[in-house]
Amino acid sequence: IAYLIDVVDSPYYRHPVLDSSLYHMRARDIAQGDLLARSESFRMPLYDYFLGGLYALFRCRIEAALLVQVLLGAVICGLIYKIASNLFGKLAGVSAGLGFALYRMAIYSDAEILPTTLFLFLLLSAVLLILRFMDSGKVRDGFIAGLLLGLAFLTRGEALLYIALIVAGVLLLGGRKALKGTLTMIGAVLILVLLLGLRNYI
């Protein structure tokens, strides 16, 4: 938050450039009612809608949207703490969460009009739910994790690589008892991929 306060009044933030400019323009169009967001369709669309929703809520105030994104970055630190604690113990969780909180590139990207923060939040939320699924075996946890992975894919296309690795890891560690939940997870991802295809077709 201190970094955002320090830089938000600069011309660079008032007038985004490069990729940030493209996201800003699409989000502004969405906030004004262009919900199909037809232009720039080669990019994954979820961040456009996320930012557009914030613009609609805060009347296109960039600093307000970025503040929400910075708060999401704080939640990511908590997710990293929970994941690392579950896997390696509380000390590892504290170290990982604190390390990410102090990581300069993370602080920088949280205050940028870029999809990195939203992508990490969705991906790490999915990982935390998958760990719960591995313990509980509840298909519902697998389905919700799949939806989050699908949303991560709609934010950044390279999420497909992470999804493939995650699915392989769950099957390897969980064996046959994890098969039903894993298939449900894959189905949830495919639902969102199909919705993306339908949106592009329309």
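Begin the tour of this predicted model by selecting helices α5 and α6, whose crossing is right-handed. Helix α5 covers residues 62-88 and helix α6 covers residues 90-101, and the two pack with their axes 7 Å apart at an angle of about 155 degrees. Because angles over 145 degrees count as roughly antiparallel, this value makes α5 roughly antiparallel to α6.

Next, show the side chains where these two helices meet. On α5, select I76, C77, I80, Y81, A84, S85 and F88, and on α6 select K90, A92, G93, V94, A96, G97, F100 and A101, which together make the contact. Coloured by class, the residues of this contact of α5 with α6 divide into eleven nonpolar, three polar and one charged.

Now move along the chain to α8, residues 116-136, and α10, residues 159-174, each of which supplies at least two residues to the lining of the second largest pocket. This pocket has a volume of about 160 Å³, and to display its lining, select V127, I130, L131, M134, L165, I166, G169, V170 and L173.

Which helix provides the largest share of the lining of the second largest pocket? With that selection on screen, turn to α10, from which five residues of the lining come, the largest share. A last colouring by class shows eight nonpolar residues and one polar residue around the second largest pocket, while charged residues are absent from its lining.

Conventions:
Residues numbered from 1 in each chain as written. Predicted model: local features only at pLDDT ≥ 70, side-chain atom pairs only at ≥ 80, totals over all residues. Heavy atoms only, no water. 1 Å grid on protein atoms, 1.4 Å probe; cavity = no way out; pocket = protein on both sides within 12 Å on 5 of 7 lines; lining within 4 Å. Points joined across faces, edges and corners; volume = space filled by probe spheres on them. Helix = DSSP H or I, 4+ residues; strand = E, 2+ residues; numbered from the N terminus. Nonpolar A, V, L, I, M, F, W, Y, C, P; charged D, E, K, R; others polar. Axes fitted to C-alpha atoms, helices over the stretch in contact; angles between N-to-C directions. Parallel < 35°, antiparallel > 145°, perpendicular 65-115°, else oblique. Left-handed = near helix turned anticlockwise from the far one by under 90°. Contact = heavy atoms within 4.5 Å.
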